[in-house]
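Okay, thanks for coming, everyone. I'll walk you through one protein today, so let's get the picture up.

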Amino acid sequence: MKAFVKQITPPFLLELGKRLLRGSPKPVDERLSSSDIVLTNKWFAGNKENWEIIISDLNPTKILEIGSYEGASACFLIERLAGKSDIELHCVDTWEGGIEHQAGGEYSVNMNSVESRFKHNTGLAIQSAPHKVSLVVHKCYSDVALVKLLADGEQGTFDFIYVDGSHQAPDVLLDAVLSFKLLRVGGVLAFDDYLWMEGLPGQCDPLRCPKPAIDAFININTRKLKILRAPLQQFYVVKLSD
Ligand SMILES: C[S@@+](CC[C@H](N)C(=O)[O-])C[C@H]1O[C@@H](n2cnc3c(N)ncnc32)[C@H](O)[C@@H]1O
């Protein structure tokens with residue numbers, strides 16, 4: 001299947017898109033119980049079915065995640081992928097929170113506790129993983145981390161990149177452009193919260209959400225990527241060329 005993904009045949013993409021829309025028929029196997037991993041929200045829970053399908057076809061071993069929070073998506077990746085082979089997982093987060101996490105924001109929270117939970121949760125997931133997990137934590141702004149990875153020669157080396165950091169349109173656009181450079185041909189770029197908007201009093205600010213940035217990125221790169229048909233809460237594209 002991996003060779004298939006590398007060739008990026010349209011039938012494979014069509015089939016993957018169809019399966020994403022249908023959802024996974026198998027129940028999700030939870031290796032770690034809720035008492036092991038401490039999560040205070042269910043933001044990631046709804047994405048698991050689609051991710052099961054994508055990662056089982058792609059089998060990524062080198063992954064980059066922008067926005068880790070308390071580690072829900074990172075732990076899912078460790079559990080699923082390090083059961084099969086060694087993996088390298090890069091997690092980028094300031095652990096300062098986005099605008100929505102600041103005092104007075106919609107999801108106001110103590111980010112020091114969030115970071116402690118990330119360490120606790122990923123530590124547990126790594127401990128129970130049968131294969132080696134090289135976890136590289138970049139505690140900084142995503143633009144700094146991604147530019148540094150490019151400067152270190154990591155262009156085109158990642159199999160799967162998850163963009164779930166800042167939800168402000170200018171930041172999302174920068175994350176998308178830099179991530180696309182880091183992604184290998186045949187790799188998958190996943191965007192969270194395509195239709196998310198802050199619950200601001202009065203009208204919503206169209207620049208304080210990911211959609212305009214994801215749309216602009218997709219339109220500009222339309223000849224270099226393939227959109228996977230999936231429910232719109234997340235947006236998945238396959239890189240076709242540099
Ligand atoms: C929605 S949360 C990530 C959720 C996580 N992927 C999960 O599955 O639970 C967004 C995270 O992005 C981080 N963040 C926001 N803006 C950032 C930026 N410009 N650079 C790096 N991290 C950022 C925040 O600190 C926060 O922890």
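A word on labels before we start: helices (H or I, at least four residues) and strands (E, at least two) are DSSP runs, numbered from the N terminus. With that in hand, here's a place to begin: Asp 36 sits in the loop between helix H2 (10-22) and H3.

Now the small print. Residues are numbered from 1 along each chain as its sequence is written. And this is a predicted model, so local features need pLDDT of at least 70, side-chain atom pairs count only at pLDDT 80 or more, and totals for chains, interfaces and linings use all residues.

Back to Asp 36. I'll say "buried" a lot, so here's the rule: a residue is buried if 20 or more other C-beta atoms lie within 10 Å of its own, exposed if 12 or fewer, and partly exposed in between, with C-beta atoms placed from the backbone. Asp 36 has 15 C-beta neighbours inside 10 Å, so it counts as partly exposed. Its C-alpha is 7.4 Å from that of Leu 124, and those two are 88 residues apart along the chain.

Let's zoom out. The protein has eight helices and seven strands. There are 242 residues, and 36% of them count as buried. I'll call two residues "in contact" if their C-beta atoms, placed from the backbone, lie within 7 Å. Take the contacts with a separation of 6 or more: 75% of them are between residues 24 or more positions apart.

On to the strands. Two strands pair if DSSP finds at least two bridges between them. Look at strand E4 (residues 158-163): six of its six residues are buried. Which strands does E4 pair with? One is strand E1 (residues 62-66), which runs parallel to E4 and is joined to it by four bridges. Another is strand E5 (residues 183-191), also in the parallel sense, over five bridges. If you want a residue to click on, try Tyr 162 in E4: it's the bridge partner of Glu 65, and it's also the bridge partner of Ala 190 in E5. From E4 the chain goes through helix H7 (residues 169-182) to E5, and this β-α-β crossover is right-handed. Right-handed here means that, with the strands pointing away from the viewer, the path from the first strand over the helix to the second runs clockwise.

Next, helix H4 (residues 72-81). How many of its ten residues are buried? Nine, so H4 is largely enclosed by the rest of the structure. Among those buried are Ala 72, Ser 73, Cys 75, Phe 76 and Arg 80. What covers them includes helix H3 (48-58), E1, strand E2 (87-92), helix H5 (111-127), strand E3 (133-138) and E4.

Two of those H4 names come back at the ligand. A residue is near a molecule if its C-beta atom, placed from the backbone, lies within 6 Å of it. There are 20 residues around the ligand, and Gly 67, Tyr 69, Ala 72, Ser 73 and Ser 166 come nearest. That shell splits into seven nonpolar, nine polar and four charged. For that split, Ala, Val, Leu, Ile, Met, Phe, Trp, Tyr, Cys and Pro count as nonpolar, Asp, Glu, Lys and Arg as charged, and the others, Gly among them, as polar.

Ser 166 also gives us a link to Gly 97: their C-alpha atoms are separated by 8.2 Å, with their positions 69 residues apart along the chain. Gly 97 is in the loop between E2 and H5.

Now helix H8 (residues 211-220), where Ala 213, Ile 214 and Phe 217 are buried. Why do they line one face? Seen down the axis of H8, the buried residues fall within an arc of 95°, so they line one face of the helix. That arc is taken from the directions from the helix axis to the C-beta atoms. They pack against H7, E5 and strand E7 (235-239). Beyond its neighbours within four places in sequence, Ile 214 is in contact with Val 172, Ala 176, Phe 191, Tyr 194 and Phe 235.

Last stop, a backbone oddity. Most residues other than glycine have a negative phi. Asn 59, which is not a glycine, has a positive phi of about 45°, and it's in the loop between H3 and E1. Asp 193, not a glycine either, has a positive phi of about 55° and lies in the loop between E5 and H8.
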